[in-house]
Amino acid sequence: MRDERFPKRVGETLLLAHPRLPPTMPPKFTRATQMSTTSAAKHANAVPLFIGSQWRHSAATSFSPVHNPSTGEVIAHTPLSGAAEVDAAAAAAQKAFASWSTTPVTRRAKILFDCRQRLQEHFDELCQLICRENGKTLEEARGDVTRGLEVLEFACAIPHLLKGESLPQVAEQLDGLTWREPLGVCAGITPFNFPAMVPMWMFPLAIACGNTFVLKPSEKVPLTANRLAAIFHEAGLPEGVLNVLHGGQEVVEAICRHPQVRAVSFVGSTGVARRVYQLATEHGKRVQSAGGAKNVLLVMPDAEWEPTVRAIIGSAFGCAGQRCMAGSLLMGIGAAAGEARDRTVAAMDALRLDDTSRNPDAGMGPVIDGAARDRLFGVIDREARDGGKLIRDGRRNIPPGGFFVGPTLFDDVTPERTLFRQELFGPVLSLARPKSLDEALTWLNQLPYGNGATIFTSNGAAAREFARRIQCGMVGVNVGVPAPMAIFPFTGWGESFLGDLHVQGLEGVCFYTRQKVVLSRWDAGYVRKQGW
């Protein structure tokens, strides 16, 4: 019997197309996973671009397949666009900036409130789309959209957030005031793992501040980004304010070099984050570039076990471990290590892997594609052959179709091992056994990353020491995923972030604006003093 939480299907096709959008889905899925080199005209399921509030096909001759990760089937093809399409999108955004930047801030807020209402109305549709193209469970997809909505709600407060400061009589007959102005055309380059949340970290706040925006989502998950653009346009966002491009490295580098792009926001792997930061700053752009992480879940002997294990499972295996705040390094102090291992393995065994596009009650979904699955299988095989203590093997007892990797656990992982130091971006958890909190902090503070760390304890002194000494930007106390809410910045440190101003919160407002200071006097008695 069909679950009413998912939409009807025609044959094997999910009804994703919107009447105002060009078709993005084929009549039937195909098994082809190789790169296509045919023209857009031959791809009835080519994903369109959204430029100047018009849907258009790319001139690309190469395409990247979009999969349903739960089945491995191809559901669309992303065009690998080029510099000409970046030019078109930047031109449309630049044209729109002239009027959008001077639109009263209260009017911009009203439009954003309307966008929020439309997103609420299409909430379930967006969640289903994310399950389909990303492989998240339904609950994870709801979290993805909800966290994006929270940023939009924060952006709706832009009349208050943009208020400047004033100080009369800062000197004799001299008044001072400040205000913030938009930068111009801003761009966002986003990863596959949060198709709604990460783009909405960026463009709602950017456009609230009076900028226009060019979004380049991951070629693996283009459909959610297109749907977001359609919803914002339907809600009244003016022509050219939000544009969506699709492509790969060529588009990314063209964005970083483009003379009309004033700021670039990026989320992805550390290697690409560094490349984007270097290239965009070389071309005079403001950049916030978030990279990878190696996040710890540290369990003290006095931890409350039931909520701790639930938090460990959610952090390590939620979203199939594909998030920069995933807890991939488990530490147990003293006797806590053995109990953490046994309880975690039992909870891992209880996780139900299934097709998330069909089963809304699936406990865990697949990784994004075959390359990710094969890479993770290779890591598990290599570490096991090199002497790693494999307690639970995620290559076994997995669904036969799709790109599944089961929850995996290695024990007795020491700081010199790759498992301790390297981000794997998948459901592979490593258990380390430091003798004390002090030793754990010493080990952790040698890592190059600096996103998140959590301690599970009933001891306030231990929690305080951990929070003060750990070298990372986001700390949890009995919280599995210490990702901040929209009102706070997402404060990665070290190799996890390049730039000065983070996404979200007031740092996000500062990133998308520049400040102007005005000094004024209106009397006729000016006398030069002290050389001024």
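**The largest core**

Start with the largest nonpolar core of this predicted model. It holds 66 residues. Select L119, W201, F203, I207, F213, F232 and Y512, the members with the most contacts inside it. Now colour helix α6, residues 197–208. This helix gives the core its largest share, 10 residues.

Centre on F213 next. Which residues does F213 contact, leaving aside neighbours within four places in sequence? Show C186, A187 and G188. Add M202, F203, A206 and I207. Then add V241, L242, N243 and Y512 to complete the list.

Apart from this core lies another. It has 59 residues, including V309, V367, V405 and I470.

**Strand β9 and its partner**

Select residues 185–189, which form strand β9. Is β9 mostly covered or mostly open? It is mostly covered, with five of its five residues buried. Look at the two faces in turn. V185, A187 and I189 sit on one side, and C186 and G188 on the other. Both faces are covered.

Add residues 212–216, strand β10. The two strands run parallel, joined by five bridges. For one place to zoom in, pick G188 in β9: it stands opposite L215 in β10.

**Helix α8**

Move to helix α8, residues 249–257. Its buried residues are V251, V252, E253, A254, I255 and C256. What do they pack against? Strands β9 and β10 are among the partners, so keep them on screen. Then show α1 (83–100), β12 (261–267) and α9 (270–282), which the buried residues of α8 also pack against.

**Q173 and the second largest pocket**

Go to Q173, in the loop between β7 (166–171) and β8 (174–182). Check its backbone: phi is near 65°, a positive value in a residue other than glycine. Most residues other than glycine have a negative phi. Q173 counts as partly exposed because its relative accessibility is 38%, between the 20% and 50% cut-offs.

Q173 also helps line the second largest pocket. Select its neighbours in that lining: A171, E172 and L174. Then add R521, D523, G525, Y526, V527, K529, Q530 and W532. How is this lining made up by class? It has five nonpolar, three polar and four charged residues. About 320 Å³ of space lies in the pocket.

**C319: another positive phi**

Jump to C319, in the loop between α10 (305–317) and β15 (327–332). Its phi is near 55°, again positive in a residue other than glycine. Is C319 buried or exposed? C319 counts as buried because its relative accessibility is 8%, under the 20% cut-off.

**T308 in helix α10**

Step back into helix α10 and pick T308. T308 is buried because its relative accessibility, 3%, is under 20%. Show V299, A303 and F456 around it. T308 touches these three, not counting residues up to four places away in sequence.

**Last stop: D342**

Finish at D342, in helix α11, residues 336–350. Its relative accessible area is 46%, so D342 is partly exposed. Now draw a distance from its C-alpha atom to that of L112. What separation should you find? The two C-alpha atoms are separated by 48 Å, and the residues are 230 apart along the chain.

Technical notes
Residues numbered from 1 in each chain as written. Predicted model: local features only at pLDDT ≥ 70, side-chain atom pairs only at ≥ 80, totals over all residues. Heavy atoms only, no water. 1 Å grid on protein atoms, 1.4 Å probe; cavity = no way out; pocket = protein on both sides within 12 Å on 5 of 7 lines; lining within 4 Å. Points joined across faces, edges and corners; volume = space filled by probe spheres on them. Nonpolar A, V, L, I, M, F, W, Y, C, P; charged D, E, K, R; others polar. Core = buried A, V, L, I, M, F, W, Y, C linked by side-chain atoms within 4.5 Å. Buried < 20%, exposed > 50% of the residue type's maximum accessible area, 1.4 Å probe, protein only. Helix = DSSP H or I, 4+ residues; strand = E, 2+ residues; numbered from the N terminus. Contact = heavy atoms within 4.5 Å. Pairing = 2+ DSSP bridges.
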